[in-house]
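This briefing walks through one model, moving from individual strand pairings to the contacts between chains and then to confidence. Please keep the structure open alongside the text while reading.

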There are 2 protein chains.
Amino acid sequence: MPDLRKDPIVGRWVIVAKSRAKRPHDFERATHQRSATFCPFCEGNEDKTPHEIVAYRDSGNHANGRGWRVRVVPNKFPALEIEGDLEKRGDGIYDAMRGVGAHEVIIESPQHVVSTSELSEKQLREVYWIYRDRLLDLKRDPRLVYGMIFKNVGAAAGASLEHSHSQLIVTPIVPISVSEEMSGSREFFDYRGRCVYCDMIQQELASESRVVMDTPSFIAICPYASRCPFETWILPKRHTSHYENIQEYEIEQLARMMKQVVGRIEMALDRPSYNYILHTAPFSTGELEHYHWHIEIMPRLTNVAGFEWGTGFYINPVPPEEAADFLRKIGLESARSAKKPTSSGDERKKGTKKSRKSPAIMPSAKES
Amino acid sequence: MPDLRKDPIVGRWVIVAKSRAKRPHDFERATHQRSATFCPFCEGNEDKTPHEIVAYRDSGNHANGRGWRVRVVPNKFPALEIEGDLEKRGDGIYDAMRGVGAHEVIIESPQHVVSTSELSEKQLREVYWIYRDRLLDLKRDPRLVYGMIFKNVGAAAGASLEHSHSQLIVTPIVPISVSEEMSGSREFFDYRGRCVYCDMIQQELASESRVVMDTPSFIAICPYASRCPFETWILPKRHTSHYENIQEYEIEQLARMMKQVVGRIEMALDRPSYNYILHTAPFSTGELEHYHWHIEIMPRLTNVAGFEWGTGFYINPVPPEEAADFLRKIGLESARSAKKPTSSGDERKKGTKKSRKSPAIMPSAKES
């Protein structure tokens, strides 16, 4: 019998329907592969992007030249543009404003790598610092109210360039998904006097079944009402509503955890396309007791999420407990293989082979 | 400069960013093609599906044999199951219940056709009657509160079988997208005393720019805050909240309009994958003054809707005015070619060829 589960924040119900995982085509994966075409994000091609906004560079190097480690440029095809006034207007029952905002690209490495798992922890730390820098800079603009940072990896996740990069869209309105999180977590807080995310962290740590990783300052879980197989959230244990408040020790742990967790998802699902989204509070609010910044990672498996996209009504064929169990074990396997350097090649190969044999259907295979 | 537009019902903002349409890869289409594999939905293979729930048959034919015109069967891999109690329960901060409900498949033709545009108007009328029959039957079950009817065409829209069919998922909870529509339209009604959909129909008829088709009882529009290129809504002009209240003359016009509109979208975008969803009020409510049933059609173009899926934050590169204009003209062209039977072959060919040459980017081409 399938299960119906409710997301405690926004109230979205999800059907967790295990039996559907047996359909052989459910996990056709859109593997992200490296291609050999020209890349405007690689070091040496700085003149192929718009002028850089900021970059972390080794000393002695000049803007828009070589020698950078992380580089932020305006999106060449921006969804929103930074100049001008909002000109809010009505048109009968409709409301509109000009598309004022920012659309930036964070190029995460001078080398042509694709995924978070291929960056070093040092590189990831700089990426997470530069997220903070950009949010702090853009929130000074009174026209802008929200900064959404996300990363698309692989064509099925909407990536048009494969070179590892994140995007930042800064809007003059609060996106609806954010408003829903804000009001849902506010309602929970008004009723119980606690942050729903803090409660979730406590409950997940106590029950353990959905925990993928646990470090002193962060937890990675497959959420109770996961919308898709292997959806994974990374939550800081310290309550704060705005990502910009992140501390140095947290950046260190976040880098380590993101690299690990994305690596495990890639091993489990054979390098699927994926998105991650940084969920943080709007610029305009001070620190909020009811909201808690976090990162949501969504692997993009084809043939899942058909009409869900338009309806908010999700059917997930893999229970999060089984996804988390799988991701934990993959972690153990790779840790074990790392400890035995003599056989590590073999172990790794074995691990990969196993993961290629549709691990996602493993949970159901156990059943039959 | 891009435009930010607000959906007047749920308050979702959409970025209408014309300049992005110039990116050549934006309209890689996932064309739906006919394949030659075995099909369990074709006439003669009735024993390959679960036992039929209901069918419209020519007299003298038996259930689960040949001789049907439209046939409803349980989904072989149901997301929800009809037996048992809900057993609502809490688990700390989480809420769950058993996945009780119905998941049915409406097989729309005994012949192996794929899309709504390939069905005759007579067939479509029977499909829309049988939607009504199933909703009326299932709403008698006190455990169930909502019936969602939708159709996936093409792999990119989540279709796993290509034979033309719709699905009906009946749930013991109201899906979040429906709750949002209900509360948004309710708010509008409380403030202005009118139905937001009725207002929308009036305004669209007056301005004309987003109207695709207009018949005495229905209107087809590309909505003001379209989430994706060529999103199209079909609204009945007569206010009623529940699809089950549809009248015979409306079924006739709906069949004609759906066939036409889907046909035009397919000509414009070279047979894209698409979803449509029937939006109707929950079983449990009586007739509602603030809600208005309708159908939303979403063409599924790849590389559009990357992270939008998870965030409710949409970037649409084609303004709905230009999509509607394009769909209207395609209608005129095919009408013209139908009137000149001697040259119709040529005209049709021309029309098709033109549409293959990425018509979706036409609006931007005009600009430059």
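In this predicted model, B:Gly147 stands opposite B:Val170, a residue of β9(B), and that pairing is a convenient place to enter the structure. The strand that carries B:Gly147 is β8(B), spanning residues 146-153 of chain B, and eight of its eight residues are buried, so the strand is largely enclosed by the rest of the structure.

**Strand β8 of chain B and its partners**

- Toward β9(B), which covers residues 165-171 of chain B, the strand β8(B) forms five bridges, and the two strands run antiparallel.
- Five bridges, again in the antiparallel sense, pair β8(B) with β13(B), the strand of residues 273-279, and within β13(B) it is B:Tyr276 that stands opposite B:Lys151.
- In a regular strand, side chains alternate between the two faces of the sheet.
- On one side of β8(B) the buried residues are B:Tyr146, B:Met148, B:Phe150 and B:Asn152, while on the other side B:Gly147, B:Ile149, B:Lys151 and B:Val153 are buried, and both faces are thus covered.

**A sheet shared by the two chains**

- Which strands make up the open sheet that has β1(B) in its order? There are five, arranged as β5(A)-β6(A)-β1(B)-β2(B)-β15(B), and their pairing is mixed.
- The edges are held by β5 of chain A (89-91) and β15 of chain B (314-316), each of which has a single partner strand, so that one side of each is left without a neighbour in the sheet.
- With direction ignored, neighbouring strands of this sheet are turned by 30 degrees against each other on average.
- The link across the chains is made by β6(A), residues 94-98, and β1(B), residues 3-6, which run antiparallel and are joined by four bridges; A:Asp95 has B:Lys6 as its bridge partner in β1(B).
- Within chain B, four bridges pair β1(B) with β2(B), residues 13-16, in the antiparallel sense, and the bridge partner of B:Leu4 in β2(B) is B:Ile15.

**The interface between chains A and B**

- Contacts between the chains involve 59 residues of chain B and 60 residues of chain A.
- On the side of chain B that touches chain A, the largest share comes from strand β6(B), residues 94-98, which supplies five residues.
- By residue class, that side of chain B divides into 31 nonpolar, 17 polar and eleven charged residues.

**Chain A: make-up and domains**

- Chain A contains eight helices and 15 strands, and buried residues account for 51% of its 368 residues.
- Among the contacts in chain A between residues at least 6 apart in sequence, 71% join residues that are at least 24 apart.
- The domain assignment divides chain A into domain 1, made of 3-26 + 194-270 + 284-295 + 304-367, and domain 2, made of 46-171.
- Between these domains of chain A, 14 residues of domain 1 are in contact with 14 residues of domain 2, and the domain 1 side of this contact comprises seven nonpolar, two polar and five charged residues.

**Confidence of the model**

- The model scores ipTM 0.85 and pTM 0.87, while chain A has an average pLDDT of 85, with 83% of its residues scoring at least 70.
- Over residues 22-26 of chain A the pLDDT stays under 50, and the model has ten contacts beyond four places in sequence for this stretch.
- Residues 340-368 of chain A also have pLDDT below 50, and this stretch has 33 contacts in the model beyond near neighbours in sequence.

Note on methods: Residues numbered from 1 in each chain as written. Chains lettered and ligands numbered in written order. Predicted model: local features only at pLDDT ≥ 70, side-chain atom pairs only at ≥ 80, totals over all residues. pLDDT = per-residue confidence, 0-100. Contact = placed C-beta atoms within 7 Å. Domains from an automatic or database assignment. Nonpolar A, V, L, I, M, F, W, Y, C, P; charged D, E, K, R; others polar. Buried ≥ 20, exposed ≤ 12 C-beta atoms within 10 Å, placed from the backbone. Pairing = 2+ DSSP bridges. Axes fitted to C-alpha atoms, helices over the stretch in contact; angles between N-to-C directions.
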